[in-house]
Amino acid sequence: METPSVLTQGAAQQRGPMAGEKPAQDPSEPKPGRQRPGRRTKEDQGEETAFRDVVSFTPDPLPVRYYDKDTTRPVSFYLSSLEELLAWTPVMEDGFNVALEPRERRQPPLSSPRPRTLLCHDMMGGYLEDRFIQGSQAQDPYSFYHWQYIDVFVYFSHHTVTIPPVCWTNAAHRHGVCVLGTFITEWQEGGRLCESFLAGDARSYQAVADRLVQMAQFFRFDGWLINIENSLSPAAVRNTPPFLQYLTTQLHQQVPGGLVLWYDSVVQSGQLKWQDELNEQNRIFFDSCDGFFTNYNWQEDHLQRMVAQAGERLADVYVGVDVFARSNVVGGRFDTDKSLELIRKYGFSAALFAPGWVYECLEKSDFFQNQDKFWRLLERFLPTHSICSLPFVTSFCLGLGTRRVCYGKEQAVGPWYHPSAQETQPLFGEHKLAGDGAGWVKTQCCLADAWHGGGSLLLRGLIPPEVDNVAVRLFSLHVPVPPKLFLSMVYKFEGSMDVQVALELTTGEAGSCHVGSVSVLNETGSRHSPRPLQVPPTKLARWVGRCGQQLSGGWIQRCYEVSLHGCLLQDLLVSFSRLPGSSREEKSFVCRLGEIQVVDANSLLAPLPRVQNVTISQIRWVPLISGSEGLPARLLLSCTLHWSFPLLQARCFRIHCWERTGSSSATEEPSGTEKPVFLGLAFANLYRVVDLAVEAARFGQDGRVEFLVEPVPREGFLVPQAEWGRAALLYSAPQ
């Protein structure tokens with residue numbers, strides 16, 4: 001037997017977050033960190049590589065911008081000056097902040113002429129718990145989940161260059177929402193900054209624009225809100241429209257569907273003078289970019305005047321609404337609907353500033369109820385969006401919880417917050433039967449129980465005596481479907497079981513629509529109740545191997561197969577009905593949905609790529625527990641894992657570890673039924689292990705810890721452990 005593959009610390013070539021997806025010459029590829037020379041040999045039995053390190057308590061320093069100084073946890077960051085912006089070039093650490101999720105297609109698209117809704121997220125200066133890229137243990141954190149109502153998400157702070165924390169980009173993109181950062185200058189310092197790049201020749205402002213475009217392209221967000229809140233000299237204001245034009249043109253070329261918006265502050269004379277409307281004083285900036293975000297102190301006469309100013313670009317005017325209701329506004333707080341009603345009356349888009357008011361100013365214990373109330377009051381002015389792509393998989397997780405659950409099995413106990421882990425959210429609210437019927441179904445998020453992640457969707461309802469069933473639409477879809485679909489639903493009832501639940505779907509014609517494997521159609525012929533599968537096809541067993549079974553935690557999975565030809569999938573509903581032969585009395589029910597999947601059957605047959613080239617670098621040791629002779633008996637290990645995998649095929653990665661003491665064999669597995677320990681989730685090809693407690697190595701023997709990278713496919717099935725990526729760290733006591 002050959003010796004295991006061994007590299008010294010940091011010896012493997014470190015690649016950027018796009019490894020496996022981009023050619024080596026891609027200029028946006030991050031530069032590798034500092035490396036030490038090493039050697040690598042291959043073992044007969046595969047790809048596992050071992051990295052060797054002598055324990056040292058004087059670690060190499062890490063770049064401060066990218067890590068929390070106390071824990072070395074990776075953090076999202078902002079830039080405070082023009083010098084920092086112009087000096088920025090991607091390095092390996094920037095890979096942590098690259099969004100995994102491409103922006104999902106949705107219908108209608110952002111480019112459609114109908115009025116849009118922008119959410120400007122401004123909360124207590126920004127970069128709070130959301131800055132921790134791999135999540136945190138925050139209790140009662142803020143969460144936004146009414147994504148189907150909005151088109152654009154702006155992350156706002158008062159730092160010069162506000163790069164959206166990657167967790168927000170991942171969550172927004174999963175719902176098809178465009179994400180913008182903020183470029184802001186303020187006060188006298190802002191005036192000096194603007195003079196330095198706007199008052200000179202074109203090369204100065206083009207260099208700034210080029211770097212802003214490069215950042216959006218590299219970090220995979222969608223554009224910028226430009227907010228100049230200081231007066232400008234005649235030379236600077238003269239160059240501002242060409243700066244906006246250049247930035248917008250370059251962004252459109254490099255970031256398809258990207259946006260540049262201008263905030264209503266400076267007028268064409270260079271004076272700082274908010275107008276609360278689009279008019280002749282500021283329309284030169286509107287004409288130079290994609291849209292205009294008005295100040296908040298408008299009245300209806302401002303909107304009336306703007307109709308003529310905007311012309312055919314009504315939807316490109318985002319009328320600002322301060323949800324905190326500061327100063328002279330039409331309506332904010334729980335009266336925000338008054339503002340929205342007027343905005344929509346004139347056909348404009350709306351920009352809701354700081355709707356986190358419901359979290360900042362009201363009781364944290366009532367946050368979910370207040371959040372739902374706020375958006376329910378606006379619902380009639382917010383057209384919903386349709387999901388346009390498959391696979392469609394959601395566990396309804398909000399990206400937070402009081403414990404972590406993995407397919408019905410508890411994985412960890414304690415509060416956690418990881419917005420990148422938020423799954424696609426449904427349409428929330430209450431559906432009532434038409435007419436005088438008393439039937440209803442109400443949907444709400446719930447952290448009390450989960451099938452996968454940190455929560456589930458709670459559905460409460462009532463079936464009145466005069467009807468057999470009630471149903472609620474959970475998702476609006478616009479998907480030309482493949483010939484064969486597989487659908488899955490994981491659910492459980494609380495209390496009485498005298499009601500049954502089923503998935504239903506509606507279809508429209510994308511040609512000549514024919515539906516097979518359907519048991520019930522309504523009068524219009526477009527709403528279908530698929531037949532549940534009793535036994536899944538053999539080839540699909542790893543995806544739906546639990547169909548019809550009682551699962552961990554009392555959950556039940558039901559699977560469906562539908563054959564469609566020339567159809568457009570339009571809605572996904574869940575229906576509750578009486579059991580056959582049951583009495584006609586009123587039936588109430590409480591049901592939890594743990595997961596819904598809609599998958600192209602053919603995609604389940606394609607082989608999944610392997611996680612490759614797992615490397616271990618940037619190792620830090622801290623003594624934890626002292627042993628004999630003053631030497632530590634336990635250590636805290638922090639290190640960075642990196643691997644190659646085509647990111648477009650992954651929902652995320654689960655990171656695990658195994659600890660082995662007193663063995664230097666990289667091929668020896670832990671004995672018995674011991675399972676790897678779950679460490680966390682990664683939404684990039686990088687993961688920072690932080691303060692992992694391990695046994696100290698004894699003299700003459702190596703300590704060993706093995707890291708495993710489990711890919712999670714977009715179709716949502718479990719990958720066998722033998723197919724995970726892995727690397728081992730062998731460490732010895734200091735000499």
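Biologist: What is the volume of the second largest cavity?
Modeller: This is a predicted model, where local features need pLDDT of at least 70 and side-chain atom pairs count only at pLDDT 80 or more, while totals for chains, interfaces and linings use all residues. Residues are numbered from 1 along each chain as its sequence is written, and side-chain values use heavy atoms, with hydrogens and water left out. A cavity is a set of points, on a 1 Å grid over the protein atoms alone, where a 1.4 Å probe fits but cannot get out; points are joined across faces, edges and corners, and volume is the space filled by probe spheres set on them. For the second largest cavity, that space is about 60 Å³.

Biologist: How do the residues of its lining divide into nonpolar, polar and charged?
Modeller: Lining residues have an atom within 4 Å of a cavity point; here they include Y142, W147, L398 and Q422. Ala, Val, Leu, Ile, Met, Phe, Trp, Tyr, Cys and Pro count as nonpolar, Asp, Glu, Lys and Arg as charged, and the others, Gly among them, as polar. The split is nine nonpolar, three polar and no charged.

Biologist: Which residues of the largest cavity's lining are closest to its centre?
Modeller: The largest cavity holds about 80 Å³ of space. Its lining has 13 residues, and α2 (166-174) and β31 (677-682) each supply at least two of them. Helices (H or I, at least four residues) and strands (E, at least two) are DSSP runs, numbered from the N terminus. The closest to the centre are F96, I133, A682, F683 and A684.

Biologist: Is D322 buried or exposed?
Modeller: D322 sits in strand β11 (residues 317-322). Buried means under 20% relative accessible area, exposed over 50%, and partly exposed in between (1.4 Å probe, protein chains only). D322 has 5% relative accessibility, so it counts as buried.

Biologist: With which side chain does the side chain of D322 make a polar contact?
Modeller: A polar contact is a pair of N or O atoms within 3.5 Å; within protein, one must be able to donate a hydrogen and the other to accept it, and residues adjacent in sequence count only if both atoms are side-chain atoms. The D322 side chain reaches the backbone nitrogen of F324 at 3.0 Å. At 2.8 Å, its side-chain partner is R326.

Biologist: Which of Y127 and D140 is exposed?
Modeller: Both have a positive phi near 55°. Most residues other than glycine have a negative phi. Y127, in the loop between β4 and β5 (152-155), is buried at 7% relative accessibility. The loop between β4 and β5 also holds D140; with a relative accessible area of 52%, the exposed residue is D140.

Biologist: Which residue does a cis peptide bond join to L390?
Modeller: Most peptide bonds are trans. One cis bond joins Q107 and P108, with omega about -5°; P108 is in the loop between β3 (106-107) and β4 (117-121). Another has omega about 0°, and its proline lies in the loop between β13 (386-387) and β14 (392-394). The residue joined to L390 is P391.

Biologist: What share of the 735 residues in the chain is buried?
Modeller: The chain has 11 helices and 34 strands. It exposes about 29000 Å² (Shrake-Rupley method, 1.4 Å probe). Buried residues make up a share of 59%.

Methods. On a 1 Å grid over the protein atoms alone, a cavity is a set of points where a 1.4 Å probe fits but cannot get out, and a pocket is an open set with protein on both sides within 12 Å along at least five of seven lines; lining residues have an atom within 4 Å of a point.
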